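I opened a new page for this structure. The entries below follow the order in which I looked things up.

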Amino acid sequence: MTALYKTAVNRLATFDLDAIQQNDAITYGLESSVKALRRYHRGEGEPVYNLYAYLNRTLLHIGFNGEFYDDVYAYTNAADFRTAMA
């Protein structure tokens, strides 16, 4: 758990988020990772090959939305994210 938390903190360090937003983003990212693993083990989802990479990518989306749209919870804006990362 400590390694996952450090991965999350390091990913969010690049974004200008306050402490509450960072805490919410880390919580959401860890919950999302656990849910993805549960879906896979129930035979309903794709496998999670690397938990650290999954968490890292999830938090990258959350940090992007938190910094550019001031909404940490707007996780579904994938099109704008891909455009900004290109």
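I began with the secondary structure and counted four helices and zero strands in the chain. Reading along the sequence, I noted the pattern α-α-α-α. I should record here that the model is predicted.

Next I looked up burial for the whole chain. The chain has 86 residues, and 29% of them count as buried. I then turned to the surface, where the chain exposes about 5,800 Å². Carbon and sulfur atoms supply 53% of that area.

I also checked how far apart in sequence the contacting residues lie. I took contacts between residues at least 6 apart in sequence, and 53% of these join residues at least 24 apart.

For a single position I picked Ser 32, which I found in helix α2. Is Ser 32 buried or exposed? Its relative accessibility is 13%, so Ser 32 counts as buried, the cut-off being under 20%. I then asked which residues Ser 32 touches, leaving out those up to four places away in sequence. The entry reads Tyr 54 and Thr 58.

My second position was Asp 16. I located Asp 16 in the loop between α1 (2–12) and α2 (19–41). Asp 16 has a relative accessible area of 65%, so I wrote it down as exposed; the cut-off for that word is over 50%.

Last, I looked for charge on the surface around this loop residue. Asp 16 belongs to a negative surface patch. The other members I listed are Asp 18, Glu 67, Asp 70 and Asp 71.

Terms used:
Residues numbered from 1 in each chain as written. Predicted model: local features only at pLDDT ≥ 70, side-chain atom pairs only at ≥ 80, totals over all residues. Heavy atoms only, no water. Patch = residues over 30% accessible without salt bridge, like charges linked within 9 Å, V, L, I, M, F, W, Y side chains within 5 Å. Areas by Shrake-Rupley, 256 points an atom, 1.4 Å probe, with all protein chains shown as cover. Salt bridge = Lys/Arg side-chain N within 4 Å of Asp/Glu carboxyl O. Lys, Arg positive; Asp, Glu negative; His and termini not counted. Charge placed at Lys NZ, Arg CZ, Asp CG, Glu CD. Helix = DSSP H or I, 4+ residues; strand = E, 2+ residues; numbered from the N terminus. Buried < 20%, exposed > 50% of the residue type's maximum accessible area, 1.4 Å probe, protein only. Contact = heavy atoms within 4.5 Å.
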